[in-house]
Amino acid sequence: MKQWLLIIDGGATKTACAVVHAESGDIEYSISAKGSNYQAIGVESATAILQELLANVEIFLQKYPNSQIAVATFALAGIDSPKDHATVVTIVQNALQTTQLQIDTLIIENDAEATLLGVTAGQAGALLIAGTGAIAYAFDGQRIVRVGGWGHRAGDEGSGYWLGQEVVRAIFKMEDGRGKPTILKEAVYQSLGIQDVTELAEWLFRPSYTNAQLAKMGSFVAKAVEQKDACAIEISQQAAHELAILANAVLKKINYQNYQNTPFTLYCNGGAIKHNPLILKIFTEEITFMYPQVDIILCQHQPITYLIERTKRAYDCL
């Protein structure tokens, strides 16, 4: 009987799905959909997205009648409390009920936590993610601690969304005469197809507006830094500092001093830090100054790659 692993990585911007051969670890099928964080889009929409992905998985597996899903990992954003976990479990179960998929072992957990377990390969280490949101996790081999990730309304400093906010604020200040001139204005106006600041204000309150759209505005910062835009440089510097505060907090929370004589790696992932060299440079300098023995490594793969590793280890332990 052919054994499969099913991995679904549901973030705020995108939900990736992969079906992996359990023995070889090869990805045999993959598909993606919109973000499935129920806190952002609601329970019904999150359920519908998972149902669509699972329906496609079911169609793929029909080619292999004598097979089963040995382990399925649903690594989903929005699991920040026991109540969230219960809600997401219900979402996953409701989505699965619309299929005939048979799953032996079901894992449902926070997407960042699952990625941490995958990237550290079960060793002590930490993970900072600066994507649409910003969160940090650390693992000491037995327990996991978390800092940040409290959402765009009150936190996520240094994230893609935060960068987008700062870009829009800078444009408003520039147009008012309260701030510095910045080439970020042209990039944003061209992207949105607008002509003036009043249209920008209107865009922010359109029914179709999403956090991911504002986070996209943050992606313009790196190019503006290359062109020596003073405003973009200041935004990047502040973002790096905020992310360093986040990383410092999680290292303190895991009692890093207990690991100073053993290898300890801080992995970094997410577009906000991976695609802006200035943010990465300043962040690395600040963390290295505080923790000279910590290795800082930029993740080279998509999060689902690490989730596959995490799921494969769960399968090997069965």
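In this predicted model, strand β1 (residues 2-10) runs parallel to strand β4 (residues 67-76), and the two are paired over 9 bridges. Glycine 10 lies opposite leucine 76 of β4. This pair belongs to an open sheet of 5 strands, and two nonpolar cores are described after it, one of 52 residues and another of 29 residues.

**The sheet**

- The strand order is β3-β2-β1-β4-β5, with mixed pairing.
- Strands β3 (27-34) and β5 (103-110) form the edges, each of them pairing on one side only.
- From one strand to the next, the twist averages 10°.
- Strands of a sheet pair through backbone hydrogen bonds, in either a parallel or an antiparallel arrangement.

**Helices packed on the sheet**

- Helix α3 (residues 82-96) packs on the sheet and touches β4 and β5; the direction of α3 makes about 140° with that of β5.
- Helix α4 (residues 111-119) also packs on the sheet, where it touches β1, β4 and β5; the direction of α4 makes about 110° with that of β5.

**Nonpolar cores**

- The largest nonpolar core comprises 52 residues, and Leu128, Leu243, Leu266 and Phe283 have the most contacts inside it.
- Helix α10 (residues 230-253) supplies the largest share of this core, 11 residues.
- Leaving aside residues up to four places away in sequence, leucine 128 touches residues including Leu243, Leu266 and Phe283, as well as Ile135, Ala136, Leu246 and Ala247. Tyr267, Cys268, Asn269 and Ile273 are also among the contacts of leucine 128.
- Another core, of 29 residues, lies apart from the largest one and includes Trp4, Ile91, Val92 and Ala95.

Notes: Residues are numbered from 1 along each chain as its sequence is written. This is a predicted model: local features need pLDDT of at least 70, side-chain atom pairs count only at pLDDT 80 or more; totals for chains, interfaces and linings use all residues. Side-chain values use heavy atoms; hydrogens and water are left out. Two strands pair if DSSP finds at least two bridges between them. Helices (H or I, at least four residues) and strands (E, at least two) are DSSP runs, numbered from the N terminus. Axes are lines fitted to C-alpha atoms, for helices over the stretch in contact, and angles run from 0 to 180 degrees between N-to-C directions. Contact means heavy atoms within 4.5 Å. A nonpolar core is a set of buried Ala, Val, Leu, Ile, Met, Phe, Trp, Tyr and Cys residues joined through side-chain atoms within 4.5 Å. Buried means under 20% relative accessible area, exposed over 50%, partly exposed in between (1.4 Å probe, protein chains only).
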